[in-house]
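Notebook open, coffee poured. I want to see what packs against what in this model.

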Amino acid sequence: MSYDPPRPAGRLLLTPEDRQAPERTRRLRRLGLGERPDPELDAFARGLAELTGAPYAVVNLPGEHGQFFAGLHTPGVAPALRSDGTGALLGRTLPRDHGFCPYVIARGRALVLEDVTDYPRFAGNAVVDEFGVRSYMGAPLTDGTGLVLGTVAVSDVRPRGWGQPGLAAIKAQAAELAARLERRESDGLPL
């Protein structure tokens with residue numbers, strides 16, 4: 001079973017291959033995560049947005065067919081403006097080739113893009129045009145075995161100088177959530 005689209009002849013595949021997808025999907029199912037929104041992860045994302053001052057924050061737990069934001073914080077809009085009534089500008093799912101979290105997952109390391117337009121590889125990403133994303137900061141959510149379960153990430157519609165303090169904060173938040181997920185599994189406790 002393939003988790004990446006086939007590579008077209010003569011064209012560079014920009015979205016990195018996700019070799020851990022089958023193992024991650026099984027692990028997330030054992031944790032009861034990755035298939036529906038989790039109010040505790042929404043609260044975590046909201047706290048992450050408050051900590052960083054970013055309008056978008058996610059706990060991204062990608063599955064076999066794309067990205068899934070089990071935790072999500074977005075700037076609200078009047079619900080009447082949205083057909084789904086959520087009042088959110090970003091839904092819970094994105095294709096795998098949208099955004100920057102797939103790069104964090106493949107690298108297993110944090111990624112900071114203070115202005116995505118400074119990087120040709122990232123400037124043409126669909127989230128730049130569709131949601132106006134101009135800056136991104138994400139860290140891998142890694143379990144005790146080294147498996148990357150997903151990402152903890154924030155983004156903004158304007159360039160941001162996240163700097164070393166931002167990088168340290170996103171890494172600390174990812175480590176904190178990973179520890180909470182480990183406790184959830186071992187003790188059967190909520191997040």
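**Entry 1: the main core.** I'm working from a predicted model. I started with the largest nonpolar core, which has 29 residues, and looked up which members touch the most others: Leu61, Leu141, Val152 and Leu177. Then I checked where this core comes from. Helix 1 (21-31), helix 2 (39-52) and helix 6 (163-187) each supply at least two residues, and so do strand 1, strand 2, strand 5 (135-142) and strand 6. Helix 6 gives the most, with 6 residues.

**Entry 2: Val152 up close.** What is Val152 in contact with, leaving aside neighbours within four places in sequence? I got Phe44, Leu48, Val58, Met137, Gly138, Ala139, Leu141, Ile170, Gln173, Ala174 and Leu177. I also noted a second, separate core of 17 residues, with Leu72, Val116, Val127 and Ala153 among its members.

**Entry 3: strand 1.** Val58 was on that contact list, which sent me to strand 1. Is strand 1 (residues 56-60) mostly covered or mostly open? Mostly covered: 5 of its 5 residues are buried. I remembered that side chains in a regular strand alternate between the two faces of the sheet. I looked at each side here, and both faces are covered. Tyr56, Val58 and Asn60 sit on one side, with Ala57 and Val59 on the other, and all are buried.

**Entry 4: who pairs with strand 1.** Strand 1 pairs with strand 6 (residues 148-156) in the antiparallel sense, over 5 bridges. Strand 2 (residues 67-73) also runs antiparallel to strand 1, joined by 4 bridges. I used Val58 as my marker: Ala153 stands opposite in strand 6, and Leu72 is the bridge partner in strand 2. Both of those partners, Ala153 and Leu72, belong to the second core. Strands 1 and 2 make a hairpin with 6 residues between them. In the turn, Gly66 has a positive phi of about 155°.

**Entry 5: aromatics.** How many aromatic pairs are there? The count comes to 4. I picked Phe100 and Phe122 to look at: the ring centres are 5.6 Å apart and the planes are at 85°, so I logged the pair as edge-to-face. This pair links distant parts of the chain, 22 residues apart. Phe100 is in the loop between strand 3 (93-94) and helix 3 (101-107), while Phe122 is in helix 4 (residues 120-123). Buried or exposed, these two, Phe100 and Phe122? Both are buried. Last thing I wrote down: ring pairs link Phe100, Tyr103, Tyr119, Phe122 and Tyr136 into a cluster.

Note on methods. Residues numbered from 1 in each chain as written. Predicted model: local features only at pLDDT ≥ 70, side-chain atom pairs only at ≥ 80, totals over all residues. Heavy atoms only, no water. Buried < 20%, exposed > 50% of the residue type's maximum accessible area, 1.4 Å probe, protein only. Pairing = 2+ DSSP bridges. Core = buried A, V, L, I, M, F, W, Y, C linked by side-chain atoms within 4.5 Å. Contact = heavy atoms within 4.5 Å. Phe/Tyr/Trp six-rings, centres within 6.5 Å; stacked < 30°, edge-to-face > 60°.
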